[in-house]
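Work through the exercises below with the model open beside you. Try each task before you read its solution.

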Amino acid sequence: MVAASNLSNTNNTLRNCVIITIDTDRLTIRNFTADDWQDLQEVIIHYQASKWAKLEDPWPTATDEVKQIAQWFAAGNEYLAVCLKPTGKVIGLVAIERRKEQAEQVHNLGYVFDPTFPGQGYATEGCRAVMAFVFEQLRAAAFLTGTRPENIPSVRLLDRLGLKPIGNGEYRITKEEWLSQLKTQ
Ligand SMILES: CC(C)(COP(=O)(O)OP(=O)(O)OC[C@H]1O[C@@H](n2cnc3c(N)ncnc32)[C@H](O)[C@@H]1OP(=O)(O)O)[C@@H](O)C(=O)NCCC(=O)NCCS
């Protein structure tokens, strides 16, 4: 459960690079910096070694490639670093790219968390806080994302977050559904 979210943002679009910082009980979620490449490489290497990675497109793990990814993430607001509060270590990422094919302001919800920190609710806590930020601060209308049915942890995460299957492996939650879900928590 996200008990305290400190949201700071100065723009309701993702086009300009604004500083995003979201605090939860155990996590700080923030823009990537180029210096995050080592933590990011660890997350990717651990993820690529997991059985769930075989269901998705592979990520590059070589140092030069990961440095480039970290630089690319750092240049925008669409990929956010999820850090453990006590140490600042990056343990995952949440992606919130705008779905440009949608007429309304709809965002993707992507996530990769280091599988060496499993089953502690970090992904749930991080994604919940990011969803609150995107609905409240960016004034999004909905999240729309996809996952394979065999990717059980991902399906369970989407269920915990309140996204509902709409067919073809896609999951959606509107702002209205998110607000009504908050009232029942
Ligand atoms: C999808 C993914 C983020 C889920 O990771 P996860 O560790 O299962 O998720 P969480 O960190 O939210 O932990 C939830 C688990 O911890 C448990 N838990 C413990 N404390 C908790 C807490 N405080 N809050 C919520 N859950 C908690 C939950 O019961 C749950 O376990 P369960 O599924 O056995 O019931 C992870 O598997 C991943 O990164 N996969 C690779 C990337 C991927 O496949 N992305 C999707 C396709 S693009």
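## Exercise 1: Two helices that cross

Helix 1 passes helix 2 in a right-handed crossing. The model is a predicted one. Task: find how helix 1 and helix 2 are oriented to each other, and which residues make the contact.

Solution.

- Step 1. Locate the elements. Helix 1 covers residues 37–48, and helix 2 covers residues 63–74.
- Step 2. Take the geometry. The packing angle is about 115 degrees, and the axes are 9 Å apart.
- Step 3. Apply the cut-off. Angles of 65 to 115 degrees count as roughly perpendicular. Helix 1 and helix 2 are therefore roughly perpendicular to each other.
- Step 4. List the contact. Helix 1 contributes Trp37, Leu40, Gln41 and Ile44. Helix 2 contributes Thr63, Val66, Lys67, Ile69 and Ala70.
- Step 5. Sort by class. The contact residues of helix 1 with helix 2 are six nonpolar, two polar and one charged.

## Exercise 2: A second helix pair

Task: decide how helix 3 is oriented to helix 4, then sort the residues where they meet.

Solution.

- Step 1. Locate the elements. Helix 3 spans 122–136, and helix 4 spans 152–161.
- Step 2. Take the geometry. The axes of helix 3 and helix 4 come within 10 Å and cross at roughly 45 degrees.
- Step 3. Draw the conclusion. That angle makes helix 3 oblique to helix 4.
- Step 4. Add the handedness. Helix 3 and helix 4 cross in a right-handed sense.
- Step 5. List the contact. From helix 3 come Ala123, Thr124, Cys127, Arg128 and Met131. They meet Leu157, Arg160 and Leu161 of helix 4.
- Step 6. Sort by class. The contact of helix 3 with helix 4 holds five nonpolar residues, one polar and two charged.

## Exercise 3: Around the ligand

Task: describe the shell around the ligand. How many residues surround the ligand, and which are the closest?

Solution.

- Step 1. Count. The ligand is surrounded by 20 residues.
- Step 2. Pick out the closest. These are Phe113, Gly121, Ala123, Thr124 and Pro153.
- Step 3. Assign the shell to elements. Strand 7 (110–113), helix 3 and helix 4 each supply at least two of its residues.
- Step 4. Sort by class. The shell has 10 nonpolar, eight polar and two charged residues.

## Exercise 4: Three positions in helix 3

Task: are alanine 123, alanine 129 and phenylalanine 133 buried or exposed?

Solution.

- Step 1. Fix the cut-off. A residue is buried if 20 or more other C-beta atoms lie within 10 Å of its own.
- Step 2. Test alanine 123, in helix 3. Alanine 123 has 24 other C-beta atoms within 10 Å, so it is buried.
- Step 3. Find its partners. Beyond neighbours within four places in sequence, alanine 123 contacts Gly92, Tyr111, Phe113 and Leu157.
- Step 4. Test alanine 129, also in helix 3. With 25 C-beta neighbours inside 10 Å, alanine 129 counts as buried.
- Step 5. Check distances to serine 154. From alanine 123, the C-alpha separation is 9.7 Å, at 31 residues along the chain. From alanine 129, the C-alpha separation is 17 Å, at 25 residues along the chain.
- Step 6. Test phenylalanine 133, again in helix 3. Phenylalanine 133 has 22 C-beta neighbours inside 10 Å, so it counts as buried.
- Step 7. Look along the chain. Phenylalanine 133 and threonine 21 are 112 residues apart, yet their C-alpha atoms are separated by 9.7 Å.

## Exercise 5: Positive phi in two loops

Task: where do arginine 139 and asparagine 168 lie, and are they buried or exposed?

Solution.

- Step 1. Recall the background. Most residues other than glycine have a negative phi.
- Step 2. Read the angles. Phi is positive at about 60 degrees for arginine 139, and at about 55 degrees for asparagine 168.
- Step 3. Place them. Arginine 139 lies in the loop between helix 3 and strand 8 (142–146). Asparagine 168 lies in the loop between strand 9 (164–167) and strand 10 (170–174).
- Step 4. Apply the cut-off. Exposed means 12 or fewer C-beta neighbours. Arginine 139 has 11 inside 10 Å, so it counts as exposed. Asparagine 168 has 6 inside 10 Å, so it counts as exposed.

Terms used
Residues are numbered from 1 along each chain as its sequence is written. This is a predicted model: local features need pLDDT of at least 70, side-chain atom pairs count only at pLDDT 80 or more; totals for chains, interfaces and linings use all residues. Axes are lines fitted to C-alpha atoms, for helices over the stretch in contact, and angles run from 0 to 180 degrees between N-to-C directions. Helices (H or I, at least four residues) and strands (E, at least two) are DSSP runs, numbered from the N terminus. Angles under 35 degrees count as roughly parallel, over 145 as roughly antiparallel, 65 to 115 as roughly perpendicular and the rest as oblique. A crossing is left-handed if the near helix is turned anticlockwise from the far one by less than a right angle, and right-handed if clockwise. Two residues are in contact if their C-beta atoms, placed from the backbone, lie within 7 Å. Ala, Val, Leu, Ile, Met, Phe, Trp, Tyr, Cys and Pro count as nonpolar, Asp, Glu, Lys and Arg as charged, and the others, Gly among them, as polar. A residue is near a molecule or strand if its C-beta atom, placed from the backbone, lies within 6 Å of it.
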